[in-house]
Amino acid sequence: MWELRDKVAIAGIGYTELTRRSPRTLASLTLEAVDTAIADAGLTRKDIDGLATTPTMPVYGGDKGTVDGIDVVTPGFLGQALHIQDQLTWMGNTTPMVTHAAIDAINALAAGACSHVIVYRALHMPVGRYSNFTSAYASGRDQYFAPYGFSMPAAWASTVFRRFLDLRGGTRESLANFAVDNRANANKNPHAFFRDKTLTHEQYLSSRMIADPITMLDCDIPVDGAVAMVLTRTDRARDLKNPPALVSGYAASTHVGATGVPMNLEDILTGCAQTGERLWASTGLAATDIDVAQLYDGFSVFTHTWLEGLGLVPSGEALRFIDDGNARLDGTLPVNTGGGCLAEGRLHGMTQLTEAAFQVTDRGGERQVPGASRSIATVSNGLAGSTAFVISRDN
């Protein structure tokens, strides 16, 4: 078991409004989120001596995400904007997911390199296509993938989803059950992009197809906005404003698929299972100890593969588990209680981590699961670089 279990905690959380095409600079949004998180923890800027983020933008090609303070915010820029650059003792600048920055911050705190760290994610969605193949010539595998549109994530995920449905005997009606339940959770989350927009089964089933069987409503919603957390040692956090949400352990996948295809179902399930084995060993816990699950849903299929890969449900049972209502707020294992990436917004792991912290500190408002003591949070699809955390109540 990890010797630092429960020694680091999430002490404060700050959100900006999550919108589309915000007229504000990303710097102003980031400052708002960071100051909100600091105040939420009962601290001031002068208490912060560490910053960590993933500064790159989730777009492909062109000149997007290149102007610091406008469409990307690095720790160096943020330190100056907060006027705390001279008091910083540590900065983390990590890719590809903000959860890697969170891991770096946890380790820096445990090592004594700093006292209070801001982990933040700032996202800007520029006008234009979300993903573009901008090269004049295709090289490597793109010589074969690009002409068929297989260079973009939705195409990869669609093959995973199709095989998953074929092997499990699933239908689009089952997919609708998950999407509708997930949106209902977001309707109870004041931070969610879709907080005021309900979803029916009929709307899901008639939504525009992107790459069969993935529709628009199976894809996460890109947003403009920023989210920040204050991390500190648990002994310090207990003297702050909110109950601390303890980091009981984390794990990362190193599984690389052997086929050369960006992703396939068997590799993803293997990677999820590997991550789960490492997580349970790190925490000294088991899947049966988890009360709520915040599972990555950049595409909705990943929630199902994490459920099965982590052993939260038996292999082959994710669709039935959701169909029977077990993933709802009043179910046996509530899933994505804040709406996840599909309905809160594409925040690269922050929606999973912040919602896990809200749930185990009874700060979930209308969506609070009574008595939730342990939440699992996963990010990405299970392949190399994917991460998982257990966040626990301070008993």
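Which residue in strand 11 stands opposite alanine 251? Alanine 388 does. The model is predicted. An open sheet of 9 strands, a crossing of two helices and a set of aromatic pairs are the topics below.

**The sheet**

- The open sheet holds 9 strands in the order 3-2-4-7-1-8-11-10-9.
- Pairing in this sheet is mixed.
- Strand 3 (90–93) and strand 9 (292–294) stand at the edges.
- Each of these two has a single partner strand, so one side of each is left without a neighbour in the sheet.
- On average, neighbouring strands of the sheet are turned by 25° against each other, direction ignored.

**Strands 8 and 11**

- Strand 8 covers residues 245–252, and strand 11 covers residues 387–393.
- The two strands run antiparallel and are joined by 7 bridges.
- Alanine 251 faces its opposite, alanine 388, in strand 11.

**A helix across the sheet**

- Helix 13 (residues 350–360) lies across several strands, among them strand 1 (8–15), strand 4 (116–123) and strand 7 (225–233).
- Strand 8, strand 9, strand 10 (374–379) and strand 11 also lie under this crossing by helix 13.
- Helix 13 runs at about 110° to strand 1.

**Helix 5 and helix 9**

- Two packed helices are described by the angle between their axes and the distance between the axes.
- The axes of helix 5 (residues 153–168) and helix 9 (residues 265–283) come within 9 Å.
- These axes cross at roughly 85°, which makes helix 5 roughly perpendicular to helix 9.
- Helix 5 contributes Val160, Arg163, Phe164, Leu167 and Arg168 to the contact.
- Helix 9 contributes Leu265, Glu266, Ile268 and Leu269.
- The residues of this contact divide into 6 nonpolar, no polar and 3 charged.

**Aromatic pairs**

- The whole structure has 6 aromatic pairs.
- Phenylalanine 193 and phenylalanine 194 have ring centres 5.0 Å apart and planes at 80°, so the pair is edge-to-face.
- Phenylalanine 193 is partly exposed, at a relative accessible area of 24%.
- Phenylalanine 194 is buried, at 14% relative accessible area.
- Phenylalanine 299 and phenylalanine 302 have ring centres 6.0 Å apart and planes at 75°, so this pair is edge-to-face.
- Phenylalanine 299 is buried, with a relative accessible area of 13%.
- Phenylalanine 302 is buried, with a relative accessible area of 3%.
- Trp2, Tyr250 and Phe389 form one aromatic cluster.

Conventions:
Residues numbered from 1 in each chain as written. Predicted model: local features only at pLDDT ≥ 70, side-chain atom pairs only at ≥ 80, totals over all residues. Heavy atoms only, no water. Pairing = 2+ DSSP bridges. Helix = DSSP H or I, 4+ residues; strand = E, 2+ residues; numbered from the N terminus. Axes fitted to C-alpha atoms, helices over the stretch in contact; angles between N-to-C directions. Contact = heavy atoms within 4.5 Å. Parallel < 35°, antiparallel > 145°, perpendicular 65-115°, else oblique. Nonpolar A, V, L, I, M, F, W, Y, C, P; charged D, E, K, R; others polar. Phe/Tyr/Trp six-rings, centres within 6.5 Å; stacked < 30°, edge-to-face > 60°. Buried < 20%, exposed > 50% of the residue type's maximum accessible area, 1.4 Å probe, protein only.
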